[in-house]
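Colleague: I would like us to take a close look at one pair of neighbouring strands, and then to follow the chain outwards from there. Please go slowly, since I am still learning how to read such a picture.

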Amino acid sequence: MLISTLFTTSLFGQGKVIKDIRAAQRKAKTEINRTNRDLNRIKKSLSSNKRTVDSSLDTTDIITWTMKPYIPNSGMIHDYQHIFTFLHSEQECAFDLTDDLKSIEWDSIQNVFYKNTGGVDKLAEDVEVIGWYPHWMGDSYKQYNYRLLSMVSFYSFEINPDTGSSLYPEIIDQLKKTSLPDSAAKYGTKALISVTSLEKENNRSFLNSQFAQDQFIFEIIDLLEEERGRYSGIDLNFEEVDPANRDDFTYFVKKLGARLRSEDYILLLDVPFFNDGQAFDYAELKNHVKYFNIMGYGFNNSSSTYPGSISPLRSLDNQPSLEKTVNDFLNLDIPGEQIILSLPLYGITWNIDNLANGNAAEYETSLPFYRIMSNYAPYHNPYYDPFSSSFFFVFEEDGTKKMCWYENDISLDAKFKWINEKKLKGLGLWALGYAKGDPKIWGAVMGNFGADSLVAITPVSSKFNGTYGIAKNIVDHKKTIGMALLIFSGFLFAGFVLSLADWKVRQILFQNQSFRVVYSLAFITLTTVGIEWYWPNDIVLNMTIGITIGAIGVLMINLVFSKYRKQLK
């Protein structure tokens, strides 16, 4: 009995599983069919309705396109579309010819026209994407995708804390000789100079010296003026500012910002993801810088005891993250339009051999993205952490367990979308060249910050043939036709009166009363329509005037007619 029950239960369970599988298959098939219908509809709406632009043929300022008429998705026109297309076989539209126009595409479902700029990489309006060129990256700047960069910054002018001059004059020589600004300018990309001061003691010394600050401001302005037209401003990066120098730093930025603005240069302020000790007075600084650039990386670094994402989108309650950092800025009433969030194109590898024993992980190395892809990706499968929106490898190398956290096009794409959701000004990339121009990463930039290659446009004019075309032409020229009808009515009236002078005409009119009725109605109708079309403002008033004038005209015609009839008797 027990065996029978178990067997029956097993069959029942199998039957339920099979039923669930079939239901899932039906649901999946339905979704596939719906997707195919949507794809076919999109293909129908755009792909087959295209007017390409031929520069050898389209040499005027206006191009025309003759196409099938628009059929709505529903309604009487849709239901009787065969009759509609018989009456209105074609429509001709005219468009302005612009330099970036590759083709015009027509969505025949929604009746919307789009200008196709050819899918060339281009940033959307009012978006900033900045990247840094480290001076040690050689001529890598020759391969940057400047079309997707609004700013590129030469890294860096490192401040001598005692004098305010550059610590490394040879780097300044390289800054002057590089063709980076010229390469950027070809695409309308601004070039900046990164200014750095990276250690607490150096920052304390510099911020306590008015002489060093004044000398730096003099030298950086002099450098910008010497390179006038090549560099458009600076981004300022002070790391490890002592909270005791909070007011000193604010005063320095205020003084520097005012000097730069007076010479029409811009100032970006690079800030850490965590304002340790409230060393930066963001509420005051926002009045003196164009943008805050949040350095959204280094959350886990060489001093971390446990490996983790170097740029986590979200984290545990007691841990910093991109989300918490950006929200802190927004809560200070700093608008998103003043915030750029920079993300890393590098990763960090840790030795995790001793983690299982409760010991700390050991920082091993930082690697640019392209090295991670060449060293690890061909041999190991990456893992994705949805909480931080970052990827990592876990592998064994030379008998040692290791972990590498990094960002790729998928994780960056998720963060790019989040930047747009938070309505921030844009994106920063540290550093250009670290990805060797990886097309997937640039594709993610284009997908989130690029301008749409299809831009809705409106025809400057349109013409329709067939019955509808005739009616539309009549409506378009109502005023002219109205004047013509009034003139014609005048001739009808004058012609009728003058024709009564001929006895033969009078004889016909006296014998046929219906002719006079038709003639009178025609006169009234032409007069009424003529007045309405010539003055198309108040239809009731115009119809009243038209009927009144027509009635007066008919009355006069009949009075003249009666006079002649009495003379005949």
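In β5, which residue is the bridge partner of Asp 107?

Modeller: The bridge partner of Asp 107 in β5 is Val 112, and I should say at once that we are looking at a predicted model. The two strands involved are β4, residues 103-107, and β5, residues 112-116, which pair in the antiparallel sense over five bridges. They belong to an open sheet of four strands, whose order is β1-β4-β5-β19 and whose pairing is antiparallel. At the edges of this sheet stand β1 (50-52) and β19 (454-457), and because each has a single partner strand, one side of each is left without a neighbour in the sheet. Direction ignored, neighbouring strands here are turned against each other by 25° on average.

If you follow the chain on from β5, you come to the loop between β5 and β6 (128-134), where Asp 126 lies. Its phi is near 60°, a positive value in a residue other than glycine, and this deserves a pause because most residues other than glycine have a negative phi. Asp 126 counts as exposed, because its relative accessibility is 61% and the cut-off for exposed is over 50%. A different backbone feature appears in strand β7 (residues 151-158), which contains Ser 156: the peptide bond from Tyr 155 to Ser 156 is cis, with omega near 0°.

Further along is helix α8, residues 246-262, which has 17 residues and reaches 25 Å from its first C-alpha to its last, close to the 24 Å expected at 1.5 Å a residue. Its buried residues are Phe 249, Thr 250, Phe 252, Val 253, Leu 256, Gly 257 and Leu 260. They cover an arc of only 160° around the axis, which puts them on the same side of α8. An α-helix has 3.6 residues a turn, so residues three or four places apart point the same way. On the other side of α8, Asp 247 and Ser 262 are exposed, while the cover over the buried residues includes α7 (210-226) and β10 (266-272). After α8 comes Asp 264, with a positive phi near 65°.

Helix α12 can be read in a similar manner. Its 13 residues, 409-421, should span 18 Å at 1.5 Å a residue, and its end C-alpha atoms are indeed 18 Å apart, which agrees. Buried in α12 are Ser 411, Leu 412, Lys 415, Phe 416, Trp 418 and Ile 419. These residues cover an arc of only 160° around the axis, which puts them on the same side of α12. They pack against several elements, including α10 (322-330), β18 (426-430) and α13 (439-449). At the start of α12, a side-chain oxygen of Asn 408 comes to within 3.0 Å of the backbone nitrogen of Ile 410, and just after the helix Lys 423 takes a positive phi of about 60°.

Continuing past α12, the loop between β18 and α13 holds Ala 431, and the peptide bond that joins Trp 430 to Ala 431 is cis, with omega near 0°. From the two strands of your question, then, we have followed the chain to this loop between β18 and α13, and you can now return to Asp 107 and find its bridge partner, Val 112, in β5.

Conventions:
Residues are numbered from 1 along each chain as its sequence is written. This is a predicted model: local features need pLDDT of at least 70, side-chain atom pairs count only at pLDDT 80 or more; totals for chains, interfaces and linings use all residues. Side-chain values use heavy atoms; hydrogens and water are left out. The expected span of a helix is 1.5 Å times one less than its number of residues. Buried means under 20% relative accessible area, exposed over 50%, partly exposed in between (1.4 Å probe, protein chains only). The arc is that of the directions from the helix axis to the C-beta atoms. Contact means heavy atoms within 4.5 Å. A polar contact is a pair of N or O atoms within 3.5 Å; within protein, one must be able to donate a hydrogen and the other to accept it, and residues adjacent in sequence count only if both atoms are side-chain atoms. Two strands pair if DSSP finds at least two bridges between them. Axes are lines fitted to C-alpha atoms, for helices over the stretch in contact, and angles run from 0 to 180 degrees between N-to-C directions.
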